[in-house]
Amino acid sequence: MMKKTLVYISLAMSLMACQKSEQQSQDKSQLSKEIKENPDYDFVEKKGLKVLSTGFNAGDGYGEVWVRDFNTFITHSLKVIDQQEVRRNLLTFFRIQGDDGNIADGFVIVPKGKPYDSLYYHTKAGVEGIVFHKNTVETDQESSLIQSVYKYIQATGDRSILTEQIEGQTLLERMESAVNFLLTSRFSEQYGLLTGATTSDWGDVQPEHDWGVEIDENTHFSIDIYDNAMFLIALQNLSEMETAAPKIAQWQKLHRQIAKATMAQLWDEKAQKFIPHLYLDGSPFPEDFNENEIYYHGGTAVAIEAGLLTKEQVLAAYHKMQENVKASGAPSIGLTMYPTYPEGYFKNKGMYPYGYQNGGDWTWFGARMVIQLVKYGYVNEAVEALEPMVKRVKENNGFYEWYSVDNKPSGSGTFRGSAGVLMTAIDALRLWGGDETQHFLTK
């Protein structure tokens with residue numbers, strides 16, 4: 001009797017497993033169909049490619065080609081702009097690279113005979129017609145450029161760019177120089193992590209100045225998750241682009257060290273979140289302000305991209321972001337953070353609560369979380385999170401830079417970073433659904 005019972009139980013379990021597998025297959029088929037036939041996705045792709053076909057500057061509110069922005073739309077630019085032109089744009093950042101290895105934030109091509117603001121912009125001998133600048137409060141420029149080169153190679157297969165000579169150095173050597181700049185000029189030996197000025201999440205505005213983009217005597221240096229997660233992605237990319245075994249081992253070892261230090265110093269195990277800042281010499285905010293109540297959406301999304309969280313922690317992070325969206329009334333998980341920094345905590349007037357980088361809603365980062373949800377198998381959640389982002393593109397007929405808490409568009413109306421990341425999220429969903437035309441995501 002016992003043997004028969006066990007057989008029945010085994011058969012029942014097998015039947016249940018088959019039914020579950022069949023249901024999952026049907027669910028995937030239905031979701032794949034919805035993704036494939038979503039007209040809003042087609043609208044976003046068509047409009048996005050049209051926007052990217054017109055240039056490399058960040059958007060209609062910017063004259064500069066920003067490296068942090070270019071990193072997020074270079075793959076799709078290659079679909080609509082000649083490869084050699086994209087390559088030249090990429091190489092320009094290395095042509096204006098500092099002698100110490102630092103990478104500029106952005107450059108502007110200046111028509112001959114036209115003056116440009118010499119107080120903020122700089123020139124380099126031998127590089128005619130280009131002025132450039134660096135927002136020194138941020139520490140993501142070097143990492144962004146390395147990631148851009150990697151994406152260019154992934155999309156084109158053109159590894160010859162790595163041996164391109166610029167002033168006696170190959171591109172690969174120049175990327176190594178950029179890493180060395182970070183390790184010598186933006187690194188805390190005490191904590192084993194990259195440092196920078198205090199900013200809000202991934203932002204590039206410090207609280208101590210009316211504008212806030214340059215380090216000065218009032219700067220409070222700190223360590224945050226965004227800068228270090230970006231560095232981790234860059235190190236992984238660099239190790240894959242290297243050809244010499246000792247160099248590959250060097251970058252992989254550094255990657256392991258940074259990853260370990262990041263989780264040891266910045267991850268709050270009890271709260272299951274990253275702390276906003278680890279301060280090196282005091283905070284710019286009042287002593288009674290509990291900054292750790294703030295949950296950084298953007299930095300968390302990039303940390304997930306860097307592989308720092310488990311699959312279970314990724315889902316928990318998404319649920320927390322949705323809780324924050326509901327509590328704040330924001331339109332999407334592009335919400336920079338919740339809660340925001342109080343009024344007056346930043347001298348820059350644009351950094352009011354739920355303004356700009358202090359709680360504004362940015363597709364530019366929200367869609368990065370969508371990409372990671374797909375990567376970790378949370379496709380239903382990804383579709384859910386993406387819906388308000390694609391919907392507002394169609395409603396406003398454009399890729400706006402950021403949105404207010406009541407979903408009103410703000411900033412540049414043709415923000416290329418938003419277009420690039422949003423299209424990548426859609427491509428990830430389509431690839432999951434079986435669309436092999438999104439081949440660049442699998443290389």
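Buried means under 20% relative accessible area, exposed over 50%, and partly exposed in between. The exercises below concern a predicted model.

**Exercise 1.** Is Ala316 buried, partly exposed or exposed? Place it in its helix and relate it to Gln272.

Solution. Ala316 belongs to helix α10, which covers residues 311–328. Its relative accessibility is 43%, so Ala316 counts as partly exposed. Gln272 is 44 residues away from Ala316 in sequence, but the two C-alpha atoms are 8.6 Å apart in space. Gln272 is itself partly exposed, with a relative accessible area of 35%.

**Exercise 2.** Which backbone feature do Gln272 and Asn407 show, and where do these residues lie?

Solution. Start from the general expectation: most residues other than glycine have a negative phi. Gln272 is not a glycine, yet its phi is positive, about 55°. Its place is the loop between β11 (267–268) and β12 (273–274). Asn407, also not a glycine, has a positive phi of about 70°. The loop holding Asn407 runs between β16 (402–403) and β17 (409–410). With a relative accessible area of 26%, Asn407 is partly exposed.

**Exercise 3.** Which kind of peptide bond joins Tyr338 and Pro339, and what is its omega?

Solution. As a rule, most peptide bonds are trans. The bond between Tyr338 and Pro339 is cis, with omega about -10°. Pro339 sits in the loop between β15 (337–338) and α11 (363–375).

**Exercise 4.** What span should helix α13 have, and what is the distance between its end C-alpha atoms? How many of its residues are buried?

Solution. Helix α13 comprises the 17 residues 416–432. The expected span is 1.5 Å times one less than the number of residues. For α13 this gives 24 Å, and the end C-alpha atoms are 24 Å apart, which agrees. Next, burial: 16 of the 17 residues are buried, so α13 is largely enclosed by the rest of the structure. Just after α13, Gly434 adopts a positive phi of about 105°.

**Exercise 5.** In which sense does strand β2 pair with β1 and with β4, and over how many bridges?

Solution. Take β1 (residues 65–66) and β2 (residues 106–109): they pair in the antiparallel sense over two bridges. In this pair, Val65 stands opposite Phe107 of β2. Then take β4 (residues 127–133), which pairs with β2 in the antiparallel sense over four bridges. Here Val108 has Val131 in β4 as its bridge partner.

Note on methods. Residues are numbered from 1 along each chain as its sequence is written. This is a predicted model: local features need pLDDT of at least 70, side-chain atom pairs count only at pLDDT 80 or more; totals for chains, interfaces and linings use all residues. Side-chain values use heavy atoms; hydrogens and water are left out. Buried means under 20% relative accessible area, exposed over 50%, partly exposed in between (1.4 Å probe, protein chains only). Two strands pair if DSSP finds at least two bridges between them.
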